[in-house]
Amino acid sequence: MELRVKALETILVEKGYVDPAALDVLIETYEHRIGPKNGARVVARAWSDADYLLRLRADATAAIAELGYSGRQGEHMRIAENTPEVHNLVVCTLCSCYPWSVLGLPPVWYKSAPYRSRAVIDPRGVLRDFGVELPAGTKLRVWDSTAELRYLVIPMRPAGSEGMDQDALAALVTRDSMIGAGLALTPGKAA
Ligand code: FE
């Protein structure tokens, strides 16, 4: 795979289609500057500000941009809210579409063929692999990302987080919980 990527990059550079310095800036930016902390701040705000949650529901792209998060792979955002009745899981069955502006670059497993197929065939089994066991009555909804539309899961606010400020709440929001492959952390267990 590494050789194939190198070969592809070499040809693209030789033909003048990409600038290696620009590529490096993009990768550096999304690997180190932009990450799931952005999404965690969106979730923490949604948990603590009812008006903000309404704006997220109406136009997630605009509401997320209010916090300064926009740009590549985040042009068309939609939220999927977890409730006791419904748990949402996000996948890109075709490739690896992912909301870069709020979560950074996708984890390796998100891009893997087994996740992309099993998330649809056996989502409950996938969640079990991640250590998430949902009540039998909770429905599972799987969202297939596309080049046009990216999803951000709003995990359920954990019990015991009442009265916490937004910074403390954001620390409870893991990357996986915003993909639906995990739950928000219980206060006291935050990293
Ligand atoms: Fe994709």
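Trainee: Which protein donors does the iron ion have, and how far away do they lie?
Mentor: The model is predicted. In this model the iron ion is bound by Cys-92 (SG), Cys-95 (SG) and, through two atoms, Cys-97 (N) and Cys-97 (SG). These donors lie from the iron ion at 2.1 to 2.6 Å.

Trainee: What spacing do the donor residues of the iron ion have in sequence?
Mentor: The donor residues are Cys-92, Cys-95 and Cys-97. Written as a pattern, their spacing is C-x2-C-x1-C.

Trainee: Is the site of the iron ion tetrahedral or irregular?
Mentor: The site has 4 donor atoms, with angles of 81 to 133 degrees among them. Four donors count as tetrahedral if all angles lie between 85 and 135 degrees. The angle of 81 degrees falls outside that range, so the site is irregular.

Trainee: Is Cys-92 buried or exposed?
Mentor: Buried means under 20% relative accessible area. Cys-92 has 1% relative accessibility, so Cys-92 counts as buried.

Trainee: What class does Cys-95 fall into by relative accessible area?
Mentor: The partly exposed class lies between the buried limit of 20% and the exposed limit of 50%. Cys-95 has a relative accessible area of 33%, so its class is partly exposed.

Trainee: Which helix gives the most to the largest nonpolar core?
Mentor: The largest nonpolar core has 42 residues, and Val-42, Val-102 and Tyr-115 are among those with the most contacts inside it. The helix that gives the most, with 6 residues, spans residues 36-48 and is helix 3.

Trainee: Which residues does Val-102 touch, not counting residues up to four places away in sequence?
Mentor: Val-102 is itself among the residues with the most contacts inside the largest nonpolar core. Its contacts beyond that sequence limit are Gly-35, Pro-36, Asn-38, Gly-39, Val-42, Ile-64, Tyr-69, Met-77 and Leu-152.

Trainee: How many helices and strands are in the protein chain, and what is its radius of gyration?
Mentor: The protein chain has 11 helices and 4 strands. The globule rule gives 16 Å for 191 residues, and the chain's value is close to that, so the chain is as compact as a globular protein of that length. Its radius of gyration is 18 Å.

Trainee: What separates the C-alpha atoms of Pro-20 and Tyr-115?
Mentor: Pro-20 is in helix 2 (residues 20-33), and Tyr-115 is among the residues with the most contacts inside the largest nonpolar core. Along the chain, Pro-20 and Tyr-115 are 95 residues apart. The separation of their C-alpha atoms is 31 Å.

Methods. Residues numbered from 1 in each chain as written. Predicted model: local features only at pLDDT ≥ 70, side-chain atom pairs only at ≥ 80, totals over all residues. Heavy atoms only, no water. Core = buried A, V, L, I, M, F, W, Y, C linked by side-chain atoms within 4.5 Å. Buried < 20%, exposed > 50% of the residue type's maximum accessible area, 1.4 Å probe, protein only. Helix = DSSP H or I, 4+ residues; strand = E, 2+ residues; numbered from the N terminus. Contact = heavy atoms within 4.5 Å. Donors = N, O, S within 2.8 Å, 3.2 Å for Na, K, Ca; no water. Tetrahedral: all angles 85-135°; square planar, octahedral: opposite > 155°, others 65-115°. Rg over C-alpha atoms; globule rule 2.2 N^0.38 Å.
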